[in-house]
Amino acid sequence: MKSSPEVIYNEVIVKYMHIHIPDGVLPIWLWVSGYLISTFLFLVFSTKLRERSKIPRVAMVSAFMLVSMSIPLGVPTHLNLAAFAGIILGPYWAFISSFIVNLILASIGHGGITIVGLNTIVVWTESLIAHLSFSLLKRTSKNCFMNAAISTFLALLTSLILVVLIVVISNVNPQTFLHHHEHQVEAHYISIPTFISMIAPISIFGAIVESLITGLLISYIKKVKPKLLP
């Protein structure tokens, strides 16, 4: 028996731009692919990580990301500051930060350990898009707030699309990707369009909020510590 989208929506908490599911849900080939791609990226980026002076900054940004993921926005979503990490750290160190954060989250039960590879890719994609967008926008505009906000919004939309793509290719009931309350509810099947209609409004709202916050953070850093910006 199927449940209406409204009923399902009231029974779950959607965590956008991030995969929050336990081990044993995704097909083996998918989560293994996530680890293989992450390992390949790590090997490639390790040759770029020559500025050891950035390690304390990576630790600080990673801590900010972990804390931000525990801050509710008044709706079933949270910040993650991955775009902020991409702007501050650059794409290579942001990848290390993404892996550290996702590994710690998995170790405390915030998603399975098998999801770390895929989540690292999803979160790092936000960092990469934000870094590239910010670098391009600052060539034509000196408005640091707008540049950071637009870059963050584009990054979060991209990662949302990536999460939906993972849901599609996993061939798993999309409701499995919805984070339930403490009392587990019966898993009714929902279609991909229904899944998108459920998470898109919340994800876009969360993206707007995080874009504004990131814009303010980057603007503040530009005033007090401009050398931190690329």
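Which residues does H131 touch, not counting residues up to four places away in sequence? Keep that question open while you look at the whole chain; the tour comes back to H131 at its third stop. The model on your screen is predicted.

**Start: the whole chain**

Show the chain as a cartoon and colour it by secondary structure. You should find seven helices and two strands. Followed along the sequence, these elements come in the order α-β-α-α-α-α-α-β-α. Of the 230 residues in the chain, 49% are buried. Now consider contacts whose partners have a separation of 6 or more: 77% of these join residues 24 or more positions apart.

**First stop: helix α3**

Select residues 55–68, which form helix α3. This helix has 14 residues, and the distance from its first C-alpha to its last is 20 Å, close to the 20 Å expected at 1.5 Å a residue. Next, show the side chains of V58, V61, S62, M65 and S68, the buried residues of α3. Turn the view until you look down the axis of α3: these buried residues fall within an arc of 125°, so they line one face of the helix. What lies over them? The cover for the buried residues of α3 includes α4 (82–107) and α5 (116–137).

**Second stop: α3 against α4**

Keep α3 selected and add α4. The axes of the two helices are 8 Å apart, and α3 and α4 pack at an angle of about 65°. Their crossing is right-handed. To see where the helices meet, show side chains on both. On the α3 side, the residues in contact include V58, V61, S62 and M65, and each of these four is also among the buried residues of α3. On the α4 side, the partners include F84, I88, L89, W93 and V101.

**Third stop: H131**

Select H131, which is found in helix α5. Is H131 buried or exposed? Its relative accessibility is 16%, and the cut-off for buried is under 20%, so H131 counts as buried. Now for the opening question: leaving aside residues up to four places away in sequence, H131 touches G86, G90 and P91. Show these three residues together with H131 to see the contacts.

**Last stop: α6 and α7**

Select residues 144–170 for helix α6 and residues 192–224 for helix α7. How do these two helices lie relative to each other? Their axes come within 7 Å and cross at roughly 150°. An angle over 145 degrees counts as roughly antiparallel, so α6 is roughly antiparallel to α7. The crossing in which α6 passes α7 is right-handed.

Methods:
Residues are numbered from 1 along each chain as its sequence is written. This is a predicted model: local features need pLDDT of at least 70, side-chain atom pairs count only at pLDDT 80 or more; totals for chains, interfaces and linings use all residues. Side-chain values use heavy atoms; hydrogens and water are left out. The expected span of a helix is 1.5 Å times one less than its number of residues. Buried means under 20% relative accessible area, exposed over 50%, partly exposed in between (1.4 Å probe, protein chains only). The arc is that of the directions from the helix axis to the C-beta atoms. Contact means heavy atoms within 4.5 Å. Axes are lines fitted to C-alpha atoms, for helices over the stretch in contact, and angles run from 0 to 180 degrees between N-to-C directions. Angles under 35 degrees count as roughly parallel, over 145 as roughly antiparallel, 65 to 115 as roughly perpendicular and the rest as oblique. A crossing is left-handed if the near helix is turned anticlockwise from the far one by less than a right angle, and right-handed if clockwise.
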